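User: I have a structure here that I'd like to talk through with you, strand by strand and contact by contact. Shall we take a look together?

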Amino acid sequence: MSLTLRTRRSRVLAGGTLVAALGTAGVLGTVSANAESPQSRPAASAAPAADASGRDTTTTTHLTTAAATRAAQAALDAAHRAHQNVSVAVVDRDGRTLVTLRGDGAGPQSYESAVKKAYTAVSWNAPTSALVKRLDSAPTLKDIPGTLFLAGGAPVTAKGAPVAAVGVAGAPSGDQDETFAKAGVAALGR
């Protein structure tokens, strides 16, 4: 039995080699894959040459995975020394999670909260404790997807620009969470 897949560009007989006994004479036959040859494809039109000069590009700085892991572990260690069970998240400049650590005994809500706090801190390049105060004048900020306006997120900057953030959740207060997040940030300078 053979399996045939048809597409606009090629017809492929899948299954590799098919061995079949034909008739009573015991003749063996093989069937191989059949795809279009390069000569049978229409020529692609030449794409216009593109040269993005320096004025059309930008260079960004990103935190390495090793550095993100070091920051997360430092935040978790600070919480452990304070006898707090927390989760820690480190996100990159674009808010993508680089590292998460869930401490022993940390509550189930803490994992997602740590990620959201880090995302919020990097998005505004400010500690989330400072951002909580902005809700008084702009209460709809809290409606932005993926954000959490509670203390516990601290940005990481390089050359004055945000490159990452550390978020911590699970301690009894946001102030403690933020202290641990700042310990993670501080570990990057060592």
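User: Which residues of β5 are buried on the side opposite to Ser87, Ala89 and Val91?

Analyst: Happy to start there, keeping in mind that this is a predicted model. In a regular strand the side chains alternate between the two faces of the sheet. Both faces of β5 are covered, with Ser87, Ala89 and Val91 buried on one side. The buried residues on the other side are Val88, Val90 and Asp92.

User: How many of the residues of strand β5 are buried?

Analyst: The strand spans residues 87-92 and is mostly covered. For the chain as a whole, buried residues make up 31% of the 190 residues. In β5 the number of buried residues is six of six.

User: Which residue in β8 stands opposite Asp92?

Analyst: β5 pairs with two strands that we can look at in turn. With β6 (residues 97-102) it runs antiparallel over five bridges, and there Ala89 stands opposite Thr100. With β8 (residues 161-169) the pairing is also antiparallel, over six bridges. In that strand, the residue opposite Asp92 is Ala164.

User: Which residue in the turn between β5 and β6 has a positive phi?

Analyst: The two strands form a hairpin, with four residues between them. One residue in that turn has a phi of about 80°. That residue is Gly95.

User: Which residues are linked with Asp92 in a network of salt bridges?

Analyst: Asp92 is one of the buried residues of β5. Its salt-bridge network has two other members. They are Asp94 and Arg96.

User: How many residues apart are Asp177 and Lys117?

Analyst: Nice pair to pick: their side chains meet in a salt bridge, 2.9 Å from N to O. The bridge links distant parts of the chain, since Asp177 lies in helix α4 (residues 174-186) and Lys117 in helix α2 (residues 108-124). Both Asp177 and Lys117 are buried. Along the sequence their separation is 60 residues.

User: Is Arg55, which forms a salt bridge with Asp56, buried or exposed?

Analyst: The side chains of Arg55 and Asp56 meet at 3.4 Å, N to O. Exposed means over 50% relative accessible area, and Arg55 has 73%. Arg55 is therefore exposed.

User: What is the relative accessible area of Asp143, the partner of Lys142?

Analyst: Asp143 and Lys142 form a salt bridge whose closest N and O atoms are 3.8 Å apart. Asp143 counts as exposed. Its relative accessible area is 53%.

Technical notes. Residues numbered from 1 in each chain as written. Predicted model: local features only at pLDDT ≥ 70, side-chain atom pairs only at ≥ 80, totals over all residues. Heavy atoms only, no water. Buried < 20%, exposed > 50% of the residue type's maximum accessible area, 1.4 Å probe, protein only. Salt bridge = Lys/Arg side-chain N within 4 Å of Asp/Glu carboxyl O. Pairing = 2+ DSSP bridges.
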